[in-house]
Amino acid sequence: MNIKTVAVIGAGIMGRGIAHVSALAGFDTVLNDISDDLLQDAMTRIRRDLQKGVEQGKITNASMHSALERLALDTSLEHSGAGADLVIEAVPERIDLKLDVFARLDRACPPHAILASNTSALSITEISSATKRPQRFIGMHQRDRWSP
Ligand SMILES: NC(=O)c1ccc[n+]([C@@H]2O[C@H](COP(=O)([O-])OP(=O)(O)OC[C@H]3O[C@@H](n4cnc5c(N)ncnc54)[C@H](O)[C@@H]3O)[C@@H](O)[C@H]2O)c1
């Protein structure tokens with residue numbers, strides 16, 4: 001499937017790193033969190049890390065600017081999910097929170113969208129039960145990730 005837009009939910013340690021890599025790889029990327037302040041803080045850190053990459057010769061100045069242009073910030077979970085082909089969740093490691101986030105994403109995202117959880121240790125099967133698309137649900141870290 002053709003993935004053009006990636007939504008990253010949660011702009012903490014993992015989320016901002018994933019958004020950074022996603023934008024640098026050429027995907028339109030929406031970074032979502034619960035407040036503008038958190039998103040602005042994440043953006044400052046992403047900018048700083050990209051700049052460091054330029055200074056170390058790992059990326060060009062042009063690719064840093066292109067990545068920044070591909071990054072958007074959004075505090076609405078539903079709006080972030082509505083335009084996404086792939087959603088990567090990186091909210092805190094709490095099952096109640098992840099179930100709520102994925103139930104809302106499942107309603108908001110287009111049917112073709114793939115949902116992915118960044119959970120370290122929670123059950124992917126349990127988290128995916130909040131959605132009606134367990135066949136389009138993956139775990140980023142776990143060995144029990146879904147396979148056809
Ligand atoms: N930090 C690591 O090294 C690491 C490694 C592997 C996996 N993980 C997993 O990744 C996930 C995120 O971890 P982290 O360390 O980035 O957490 P973090 O606490 O740094 O960031 C979580 C972010 O999610 C935001 N958030 C909370 N509720 C939200 C909601 N309803 N909608 C949108 N955003 C919301 C918080 O405001 C915060 O900015 C966890 O499941 C964790 O177990 C973390």
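**Exercise 1. Locate the ligand in this predicted model and describe its site.**

*Solution.* The ligand sits in the largest pocket, where sitting requires more than half of its atoms within 2 Å of the pocket's grid points. A pocket is an open set of points on a 1 Å grid over the protein atoms alone, where a 1.4 Å probe fits, with protein on both sides within 12 Å along at least five of seven lines. Next, consider the lining, whose residues have an atom within 4 Å of a point. It comprises 29 residues, with Gly-10, Asp-33, Ala-90, Val-91 and Pro-92 nearest the pocket's centre. Finally, helix H5 contributes the most to this lining, with 5 residues.

**Exercise 2. Characterise the shell around the ligand.**

*Solution.* First, 21 residues surround the ligand, and the closest are Met-14, Asp-33, Glu-93, Lys-98 and Ser-120; a residue counts if one of its heavy atoms lies within 4 Å. Second, this shell divides into 11 nonpolar, 7 polar and 3 charged residues, Gly being classed as polar.

**Exercise 3. Identify polar contacts of the ligand through its oxygen atoms.**

*Solution.* A polar contact is a pair of N or O atoms within 3.5 Å. From the backbone, an N or O atom of Ile-13 lies 3.0 Å from a ligand oxygen, and one of Met-14 lies 2.8 Å from a ligand oxygen. From a side chain, an N or O atom of Ser-120 is 2.6 Å from an oxygen atom of the ligand.

**Conventions.** Residues are numbered from 1 along each chain as its sequence is written. Local features need pLDDT of at least 70 and side-chain atom pairs 80 or more, while totals for chains, interfaces and linings use all residues; side-chain values use heavy atoms, without hydrogens and water.

Key
Polar contact = N/O pair within 3.5 Å; in protein donor to acceptor, adjacent residues only side chain to side chain. Helix = DSSP H or I, 4+ residues; strand = E, 2+ residues; numbered from the N terminus.
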